[in-house]
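Here's a protein model to walk through together. Have a look at the sequence and the 3D view, then read on.

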Amino acid sequence: MTTLTMKEEKRLEIIQRVFRAELTIGKASLVLGVSERQCYRIKARVKKQGVKGVVHGNRGRPCKRKVKEKEVKRIVELAKGKYRGFNDHHLTEKLREQEEIELSREKIRRVLRSHGILSPRKKRAAKHRSRRERKEAEGMMLQVDGSPHDWLEGRGPSLCLIGAIDDATGKVPRAFFEQAESSWAYFRLFSEIFKNQGLCQSVYSDRHSIFWTDREPTIEEQLKNQRPTTEVGRGLEELGVTLILANSPQAKGRIERLWGTFQDRLVSELRRAQAKTQAQAQAVLERYLPEHDRKFSKPPANAVPAWRKVSLKQIEQSLCFKQQRTVAKDNTVSFEGSVFQIPKTSPYRSYANKRIDVHVLLDGAVEFFYQKEKIAFFDSKTTHAFGLYRTNGKREGFRYGPLSAQLTKTLELSP
């Protein structure tokens with residue numbers, strides 16, 4: 001027994017009216033929405049086969065484009081094994097590039113769902129928000145953030161990914177793994193971007209204590225009409241880069257979405273490479289970033305970049321840690337548990353009781369300035385040649401994170 005659909009029943013009724021001479025072929029073709037030639041074919045099939053003549057000839061036949069069982073089995077094995085945790089789009093790309101399986105994303109999705117393999121991405125309830133328009137040119141705004149995550153999935157130490165994304169293009173100018181978010185990490189991030197690309201016009205960040213402080217201004221700051229800033233905020237201000245603080249994660253949605261992509265795709269790449277250390281993870285990241293920019297970046301509205309060139313010396317002098325110390329009567333400066341001897345430049349000049357600025361550069365070098373004049377420099381490899389002495393007090397850990405070990409090694413004297 002042949003079961004007809006509503007469309008097929010209508011077609012049979014029209015053709016039967018043609019047989020009864022109630023309709024001409026021309027009018028029947030208009031009602032059925034086919035050409036007169038096709039209408040003649042349908043009439044011939046009904047005359048020869050009866051009711052089956054209005055049924056499509058492909059009904060019940062296997063689809064010629066159906067994926068073979070052998071290939072389906074291979075896709076499922078790869079999705080559960082080598083490419084475990086890859087999302088549908090990412091998996092489709094890898095199957096095409098690495099396994100020579102040319103199937104659409106929708107076909108892959110259907111295969112995975114039919115075998116109970118769900119998407120690794122968790123969906124949240126939709127909320128109504130208004131999207132901020134992208135900046136017009138590359139270099140007008142950088143969104144920066146850190147993403148602490150189990151990047152190595154238990155195979156190695158817990159890491160935090162520090163990175164930036166260009167607001168206009170979606171490119172990632174720099175990103176690297178660190179143990180945790182710190183002022184030193186962001187100084188390194190900005191230093192590498194500014195040296196390679198140039199200065200951006202503004203930086204968009206969250207209200208982390210690295211960028212924002214709620215302390216009361218000091219008397220000196222009140223006299224200069226300055227607001228309290230952090231080390232990173234002060235460094236950006238000296239370079240003329242505007243720091244914009246977001247009031248919510250959604251406000252800097254582009255870098256938040258970047259972390260979502262990285263926590264999906266990059267984690268899968270790290271798993272596939274079996275990365276177990278920070279160095280191995282960084283190597284995978286360096287290979288992944290060009291591919292990410294190629295697939296996800298967008299052309300800016302204005303093709304002229306907004307990066308501003310600046311000297312390397314100015315970057316180093318701004319993106320560093322700065323403190324003030326008072327010089328002792330013997331022209332020494334106590335700093336971080338050690339004593340620095342200021343070299344003698346003139347028999348008639350002394351810095352005793354003077355208030356000087358101490359700059360700690362990212363490579364561990366220490367510089368002393370008096371009224372913007374450099375009066376001493378202690379390189380990380382030649383510190384002992386400048387008369388550096390250990391104090392009797394207990395050495396305290398350097399509070400600038402990764403510089404601690406480097407500066408401690410710098411300040412050690414040979415026995």
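## The sheet and its helices

Let's start with a strand pair: β1 and strand β2 (residues 159-166) run antiparallel to each other, joined over eight bridges. Here, two strands pair if DSSP finds at least two bridges between them. Helices (H or I, at least four residues) and strands (E, at least two) are DSSP runs, numbered from the N terminus. Across that pair, Leu142 sits opposite Asp166 in β2.

Before going further, a word on the model: this is a predicted one, where local features need pLDDT of at least 70, side-chain atom pairs count only at pLDDT 80 or more, and totals for chains, interfaces and linings use all residues. Residues are numbered from 1 along each chain as its sequence is written, and side-chain values use heavy atoms, with hydrogens and water left out.

Strands of a sheet pair through backbone hydrogen bonds, either parallel or antiparallel. In this model, five strands make an open sheet with mixed pairing, in the order β3-β2-β1-β4-β5. At the edges you'll find β3 (174-178) and β5 (242-245), each with a single partner strand, so one side of each has no neighbour in the sheet. On average, neighbouring strands of this sheet are turned by 20 degrees against each other, direction ignored. For such angles, axes are lines fitted to C-alpha atoms (for helices over the stretch in contact), and angles run from 0 to 180 degrees between N-to-C directions.

Which strands does α10 touch as it packs on the sheet? They are β1, β2 and β3, and the direction of α10 makes about 45 degrees with that of β1. Helix α11 (residues 278-296) lies across β2 and β3, at about 165 degrees to β3.

Now zoom in on Thr261, which lies in helix α10 (residues 253-273). Thr261 counts as buried because its relative accessibility is 18%; buried means under 20% relative accessible area, exposed over 50%, and partly exposed in between (1.4 Å probe, protein chains only). Leaving aside neighbours within four places in sequence, Thr261 is in contact (heavy atoms within 4.5 Å) with Leu266, Tyr288, His292 and Phe296.

For a contrast, try Leu118, in the loop between α6 (105-114) and β1 (141-149). At 66% relative accessibility, Leu118 counts as exposed.

## Helix α3

Helix α3 (residues 36-49) has 14 residues, which should span 20 Å at 1.5 Å a residue, and its end C-alpha atoms are indeed 20 Å apart. The expected span is 1.5 Å times one less than the number of residues. Cys39, Ile42 and Val46 are buried in α3. Seen down the axis of α3, its buried residues fall within an arc of 60 degrees, so they line one face of the helix; the arc is that of the directions from the helix axis to the C-beta atoms. That buried set packs against α1 (6-19) and α2 (25-32). On the other side of α3, Arg37, Lys47 and Lys48 are exposed. Just after α3 comes Gly50, with a positive phi of about 80 degrees.

## The cysteines

How many disulfides does the structure hold? Zero, where a disulfide is a pair of cysteine sulfur atoms within 2.5 Å. Here are two cysteines to check:

| Cysteine | Closest cysteine sulfur | Relative accessible area |
|---|---|---|
| Cys160 | Cys200, 20 Å | 3%, buried |
| Cys320 | Cys200, 18 Å | 0%, buried |

For Cys320, that distance is too far for a bond.
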